[in-house]
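Here are my notes after going through the model you sent. Have the structure open while you read them.

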Amino acid sequence: MCWKTLLLLLLCYDAQATLSHRWSRAVLFPAAHRPKRSSSVPLNPILQSSLEEVQLLYEFLLAELEIGPDLKISIKDEELASLRKAADFHTICNDVIPKSIPDIRRLSASLSSHPGVLKKEDFERTALTLAYVAYRTALSQGHQKDVWAQALLSLFQALRHDLMRSSGPRASP
């Protein structure tokens, strides 16, 4: 009877560890895992799957971007905007990354307590959030500029910390 109880407790512990790990994956960018009814965009879009796509993302960021009054981001260059990956870029920038100070602070707090190295898509989204916050910081004035600058600094520190962790010495098994 005692070994059955022990086996049951071990099974429950294993199930709890598996479920809590699975549910903690979507914490950083929950909007990436929420389907939109009016959109045909894939769930959890990712921009960088190859070196060519990394270069394309760089081109998107170097191209003239426009942020409208409704905070929607678009690529002004029509040729770049017509590419298939531009739709994913548009979705990530407009539907996934946080754009309000409270949401950005929440992301920064989650990043500071995130165990291990960020997944590729989380790093990508954090970098795009950093670019958005830098743009908003440049456009802001007075107290708002200070608030955006603090958000920019905390995101930068989180990305730097992740890069330091990922480039650090690896423990041998």
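1. Reading along the sequence, the order of elements is α-α-β-β-α-α-α-α-α. That comes to 7 helices and 2 strands. Keep in mind that this is a predicted model.

2. On the overall numbers: of the 173 residues in the protein, 31% are buried. The exposed surface is about 11,800 Å², and carbon and sulfur atoms supply 61% of it. Looking at contacts between residues at least 6 apart in sequence, 65% join residues at least 24 apart.

3. Helix 6 deserves a good look. It covers residues 120-139, and its 20 residues reach 29 Å from first C-alpha to last, close to the 28 Å expected at 1.5 Å a residue. The buried residues of helix 6 include Leu-128, Leu-130, Tyr-132 and Val-133, but also charged-type names such as Glu-121, Asp-122, Glu-124, Arg-125 and Arg-136.

4. What do the buried residues of helix 6 pack against? The partners are helix 2 (51-62), strand 1 (65-67), strand 2 (73-75), helix 4 (84-96), helix 5 (101-112) and helix 7 (142-167). Both strands are thus on the list, along with four helices.

5. Now the salt bridges, with a count of 6. One of them pairs the side chains of Glu-64 and Lys-76, at 3.1 Å from N to O. Glu-64 sits in the loop between helix 2 and strand 1, and Lys-76 in the loop between strand 2 and helix 3 (78-81), so the bridge ties together parts 12 residues apart in sequence. Glu-64 counts as exposed at 52% relative accessibility, while Lys-76 is partly exposed at 42%.

6. Helix 5 has a salt bridge between Asp-103 and Arg-106, with N and O 2.5 Å apart. The two are 3 residues apart in the helix, so about one helical turn separates them. An α-helix has 3.6 residues a turn, so residues three or four places apart point the same way. Is this pair buried or exposed? Arg-106 is exposed, with a relative accessible area of 51%, and Asp-103 is partly exposed at 31%.

7. Elsewhere, Glu-53, Lys-85 and Asp-88 are joined into one network by salt bridges that share partners. Within it, the closest N and O atoms of Asp-88 and Lys-85 are 3.5 Å apart. These two are also 3 residues apart, this time in helix 4, which puts about one helical turn between them. Both ends are buried: Asp-88 has a relative accessible area of 15% and Lys-85 one of 16%.

Conventions: Residues are numbered from 1 along each chain as its sequence is written. This is a predicted model: local features need pLDDT of at least 70, side-chain atom pairs count only at pLDDT 80 or more; totals for chains, interfaces and linings use all residues. Side-chain values use heavy atoms; hydrogens and water are left out. Buried means under 20% relative accessible area, exposed over 50%, partly exposed in between (1.4 Å probe, protein chains only). Contact means heavy atoms within 4.5 Å. Accessible areas come from the Shrake-Rupley method with a 1.4 Å probe; for residues, only the protein chains shown count as cover. The expected span of a helix is 1.5 Å times one less than its number of residues. A salt bridge is a side-chain nitrogen of Lys or Arg within 4 Å of a carboxyl oxygen of Asp or Glu.
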